[in-house]
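Student: Could you take me on a close look at one part of this model? I would like to start with a single residue and then see how the rest of the chain fits around that picture.

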Amino acid sequence: MTSGSTPGLARFNTSADSEATATLHEVCASSAWGSELLAQRPYATAEALFLASDAAMAELTAEDLAEAMAGHPPIGRPKPGDPTSSREQRGMAGASEELKAEMLELNLAYQEKFGHVFLICATGATGEQMRDAMRDRIGNTAEAEREIVRTELGKINRIRLTRLVEED
């Protein structure tokens with residue numbers, strides 16, 4: 001993982017606030033998270049940006065987390081034309097019709113129980129691993145699940161921020 005200053009980080013540090021805000025919104029749909037990261041620019045290193053992201057994530061309210069989750073499509077149904085969600089959900093790309101159908105059922109049950117999409121850092125996970133995680137987590141309390149979601153969002157944000165700072 002990149003920890004020093006990079007061309008991507010330099011570009012982020014020096015971009016106009018409106019451009020940086022739009023970039024951060026692509027990473028995470030929480031406006032509170034984005035505002036916090038924007039306010040701390042410039043970042044000396046990628047690691048400083050990652051630490052600021054983690055700190056901002058830790059401070060998000062339930063409403064902020066809901067806003068962040070609204071930016072994520074259900075597992076197994078990446079946003080059409082969105083290369084980020086397609087790349088992150090690659091583990092579902094070759095899933096059997098049976099697994100896709102089960103994921104749809106689990107997604108609906110999860111959404112009915114918690115009021116939001118099932119969120120997992122899907123990068124590198126197989127469809128079966130995502131299904132098993134959803135099966136395990138559907139039994140959680142709302143409070144326990146909210147903290148798992150916060151952790152998963154933090155992982156997703158780090159992956160997306162790493163891509164941002166590593167861009168040439």
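Tutor: Asp54 sits in helix H4, in a model that is predicted. Is Asp54 buried, partly exposed or exposed? Its relative accessibility is 30%, so Asp54 counts as partly exposed. Now look for Lys155 as well. Asp54 and Lys155 are 101 residues apart along the chain, yet their C-alpha atoms are separated by 9.0 Å. Lys155 falls within the residue range of helix H9, which covers 142-166.

That pair leads us to the chain as a whole. Take the contacts between residues at least 6 apart in sequence: 72% of them join residues at least 24 apart. How many helices and strands does the chain have? There are nine helices and zero strands, and reading along the sequence gives α-α-α-α-α-α-α-α-α. Of the 168 residues in the protein chain, 44% are buried. The chain exposes about 8,500 Å², and carbon and sulfur atoms supply 53% of that area.

Let us follow helix H9 to one of its packing partners. Two packed helices are described by the angle between their axes and the distance between the axes. For helix H2, residues 17-27, and helix H9, the angle is about 135° and the axes are 9 Å apart. What word describes how H2 and H9 lie to each other? They are oblique, because an angle of about 135° lies between the 115 degrees that end the roughly perpendicular range and the 145 degrees above which helices count as roughly antiparallel. On the H2 side, the contact is made by Thr23, Leu24, Glu26 and Val27. On the H9 side, Asn157, Arg160, Leu161 and Leu164 take part. Sorted by type, the residues of this contact are four nonpolar, two polar and two charged.

Stay on helix H2 for a moment, where you can also find Ala22. With a relative accessibility of 41%, Ala22 counts as partly exposed. Its C-alpha atom is 8.9 Å from that of Gly34, and the two residues are 12 apart in sequence. Gly34 belongs to the stretch 31-39, which is helix H3.

After helix H3 comes a loop that leads to helix H4 (46-59), and Pro42 is in that loop. Here the backbone has a detail to look for: the peptide bond from Arg41 to Pro42 is cis, with omega near 0°.

Further along, another loop joins helix H7 (97-114) to helix H8 (127-137), and His116 is found there. Is His116 buried or exposed? At 16% relative accessibility, His116 counts as buried, because the cut-off is under 20%. Leaving out residues up to four places away in sequence, His116 touches Met69, Tyr110, Gln111 and Val149.

On helix H8 itself you can find Arg135. Arg135 has a relative accessibility of 42% and counts as partly exposed. Setting aside neighbours within four places in sequence, Arg135 is in contact with Glu102 and Leu106. Arg135 and Met103 are 32 residues apart in sequence, with 9.6 Å between their C-alpha atoms.

Finally, look at two cysteines. Cys28 is buried, with a relative accessible area of 2%. Cys121 also counts as buried, at 15% relative accessibility. A disulfide is a covalent bond between the sulfur atoms of two cysteines. How many disulfides does the structure hold? It holds zero.

Key
Residues numbered from 1 in each chain as written. Predicted model: local features only at pLDDT ≥ 70, side-chain atom pairs only at ≥ 80, totals over all residues. Heavy atoms only, no water. Helix = DSSP H or I, 4+ residues; strand = E, 2+ residues; numbered from the N terminus. Buried < 20%, exposed > 50% of the residue type's maximum accessible area, 1.4 Å probe, protein only. Contact = heavy atoms within 4.5 Å. Areas by Shrake-Rupley, 256 points an atom, 1.4 Å probe, with all protein chains shown as cover. Axes fitted to C-alpha atoms, helices over the stretch in contact; angles between N-to-C directions. Parallel < 35°, antiparallel > 145°, perpendicular 65-115°, else oblique. Nonpolar A, V, L, I, M, F, W, Y, C, P; charged D, E, K, R; others polar. Disulfide = S-S within 2.5 Å.
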